[in-house]
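User: I have a structure open and don't know where to begin. Can you walk me through it?

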Amino acid sequence: MLQHCPTLSKIVARLDSHLQGRFPDFFGKHPKHPFLHVKPYKVIHDSLWGTNRFSWRELAVIDSPFFQRLRAIRQVGLAYYVYPCAQHSRFEHSLGVVTVASKVFDALLQRHLPDLQMIARCFAVPVEELLARLREELRMAALVHDVGHSIYSHASEQVYQELPLLQNAVRELHKIIGKKKGAGEVISFCFSRTTALKSVLDNAQQHLPNDEKRKVKEIVWDNVSLLIVGRSVHPYLQWMGDIISSDLDADKLDYLLRDASAAGLPLRYDLERYLYTVGLAKDVLTDGDGHLEGMYGSVKALASAPPPRQEATALIEFPHYEAYTLRLPRNAVNTVEQIVICKFMLFSYIYHHRKVRAAEGMLGALLQRVVAHWRSEGKSDEDIIEEFLRLDDSSLGSAVFAGNTDTTVSSHSSRIAQRVLPREVYGFVASKFSHAEGGLLSEFMSKLLDRKTGAPQDRREAVMKQFHEVMGSELLKLKPGLGNTAEEALLNAGAWLDAPKPPKFENINLILGSSGDRIPLSEVFPIRYWIQAYESHRYTARIFSFSEHVDEVRAAARAACEKVIGATTDSFFDTALRKPVS
Amino acid sequence: MDNREISLGEFVKQLTLRFTEQGMTMPLRDERPWHMLFYKLKTSSSVAGRPDFLADLLFDWDGPYPRSSELAEYLDTLHWTGCLSASNPQYEVVTVNPKVSQLWSSLPIDPKLSSFIDYAVQAAKGPFGAAANVNAPTLSNAI
């Protein structure tokens, strides 16, 4: 599959050497683990989904140190500084996704068995055997879908996703699967391609009791890898990719409830109703660029020949494949509404909370500084990815951070560890500025969200840079002791403009209905109105500052707003001002 | 601003200005015409003045037509920031906010890029015209 993908191949090779070198007792050529016989299964209890059974194969992955490190990576980053109980980790989330994915699979099996049997008959494998194998592949993909995460989850992903090597890898993966995935998913995909992972599983298999060993059926790793990124080895199995990575996937079904529940927020959706209604639909996957043709032709599929690609027709303007996809019927709209509301609320309560943004913004600045330090030591992107894979949430007190010779890195990491966080000085919400300067703010915010599309031009970066240069220069004038350059002054004052990525409402394109009955979500409930209302009233671009420099940062930020946004009136700044407690 | 400098966002803004000048309706609820147009522009590599960002714009092949998540997100952004407004209750079409249209039209555009935008406007007339007619047969309701 990776024949013409030098970057992905390079990352896979590096992951192999990392796993074998760092954890030789598990992934090395002469592993010591497991010491004893491997049990065919074990039971793990989850706070959300209760008692669940995991197979020997899953346990071999779970017990490996590369997966165990997820215990020390919090699912919602630094949100526990605001919601003290939100300490749940990527580890329990990953196990939860396995359980939810299995529930969806089992619901399909129970309610759509004839469809599944019909699909299975297209392949040269007995139906029951095939379905059992697909279920195992689905669970394995769910299990490892997040192993690419590093310190404080998405807070670090925002930094390492900028590495050119990973950006190339994202593009290479797009050429294979015909859709864009994030840097974390790329690493998880690459992990599933490593020989180190296969050797752990082979070794575990050798330690099974003899009667169990005879029952073992192989799984198709090409399918596991593709499921992680929302595809599968055959278009008739696209619904499996949808269960792992799509608009309403098992990942979302788990994290929405887990994040809300851990934070103590009374947000719920009706999983039982989802499981009752979820189904399969005959659909098409268009393939205008030929990516899917290459993918289906290169993987070890279940059928003897690759699936036939249909030519374009008057109605379907591109070459395409007949596919079976996951689909919710029209009467599931209430469940979808609940899920969408849950997501809105989690962004509002947790992910975009001002103190969470303050902490994660500081961490981002810190990690960028650490990356620059690694680069100055001559480390390549591959080395830096490996460094990130060594980090977890406990690393904040390590030599990389607290013990760093760069005083900014050490002081920032101490501040984060001690929760001495910056405060909001100004906050810009699109709907609040209805006067003459509202247009200026609309234009400014639209530039802040004009992100890179792969080309060197990045309007957001340019505007941020301009804003920070003006704010930093003003800060230096007001307080020369803050540093020698504008950049240093900003770092030492903990001052920056924060414009987070707004929630991605991919659900808007979700199709409801059964085969031959495509109903976009926007036809059955006013999701556009919700998005518009939510973003206009809740989304906030903020300027932060350490408490001891608030007055200077406020003045410097005003100068930057005047120059970059063009806003000059007192009423504009009064509206944006985050008033101090008097 | 020339074809090497222009970003996706700036290009969308300039395009909406031209659509407005030509009296064309711009769909919002139905995103398909936007994605079809941008896919066509991406594949029009021989047309002079084509912006560089188009070569790197990635499209997902997950349904009946190619879809760029960056484009979809940016259209949403222009809507909720108030740059584009939809006063119609079903959010079928959007119009450019007059306050921002003055800001956008003040951007100097290189003549080659300008002619590419004209090309894009012509290319949009098919899909955008079909979108304006809600009864016209579309791929999504044909499957």
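Analyst: What follows is a short tour, with chain B before chain A. This is a predicted model, in which local features need pLDDT of at least 70, side-chain atom pairs count only at pLDDT 80 or more, and totals for chains, interfaces and linings use all residues. Residues are numbered from 1 along each chain as its sequence is written, while chains are lettered from A and ligands numbered from 1 in the order in which they are written.

User: Okay, chain B. How many helices and strands are there in chain B?

Analyst: Chain B has 7 helices and 3 strands. Helices (H or I, at least four residues) and strands (E, at least two) are DSSP runs, numbered from the N terminus. Along the sequence the pattern is α-β-α-α-α-β-β-α-α-α.

User: Why is chain B called as compact as a globular protein of that length?

Analyst: Because its radius of gyration is 15 Å, close to the 15 Å that the globule rule gives for 143 residues. The radius is taken over C-alpha atoms, and the rule is 2.2 Å times the number of residues to the power 0.38. The C-alpha trace of chain B spans about 40 × 35 × 25 Å along its principal axes.

User: How are the 3 strands of chain B ordered in the sheet?

Analyst: The order is β1-β3-β2 in an open sheet of chain B, with antiparallel pairing. Two strands pair if DSSP finds at least two bridges between them. The edge strands are β1 (26-27) and β2 (84-85) of chain B, each pairing on one side only. Helix α1 (residues 8-21) of chain B packs on this sheet, touching β1, β2 and β3 of chain B. Contact needs C-beta atoms, placed from the backbone, within 7 Å.

User: And what's the bridge partner of P27(B)?

Analyst: V93(B), in β3(B), is the partner of P27(B). In total, 2 bridges join β1(B) to β3 (residues 93-96) of chain B.

User: Switching to α2(B). How many of its residues are buried?

Analyst: In α2(B), 10 of the 12 residues are buried; W34(B) and F38(B) are among them. Buried means 20 or more other C-beta atoms within 10 Å of a residue's own, exposed means 12 or fewer, and partly exposed is in between; the C-beta atoms are placed from the backbone.

User: What length should α2(B) span?

Analyst: At 1.5 Å a residue, the 12 residues of α2 (residues 32-43) of chain B should span 16 Å, and the end C-alpha atoms are 17 Å apart, which agrees. The expected span is 1.5 Å times one less than the number of residues.

User: Now chain A. Which residues join through a cis peptide bond?

Analyst: H33(A) and P34(A), with omega at about -5 degrees. P34(A) lies in the loop between α2 (24-27) and β1 (41-46) of chain A. Most residues other than glycine have a negative phi, and most peptide bonds are trans.

User: Where is Y152(A), and what is its phi?

Analyst: Y152(A) is in the loop between α7 (127-144) and α8 (154-160) of chain A. Its phi is positive, about 50 degrees, although Y152(A) is not a glycine. S153(A) also has a positive phi of about 50 degrees.

User: Is Y152(A) buried or exposed?

Analyst: Y152(A) counts as buried because it has 26 C-beta neighbours inside 10 Å.

User: Last one: what does M240(A) touch?

Analyst: Not counting residues up to four places away in sequence, M240(A) touches L134(A), L138(A), L227(A) and S232(A). M240(A) sits in helix α14 (residues 238-244) of chain A and is buried, with 27 other C-beta atoms within 10 Å.

Key. Two residues are in contact if their C-beta atoms, placed from the backbone, lie within 7 Å. Axes are lines fitted to C-alpha atoms, for helices over the stretch in contact, and angles run from 0 to 180 degrees between N-to-C directions.
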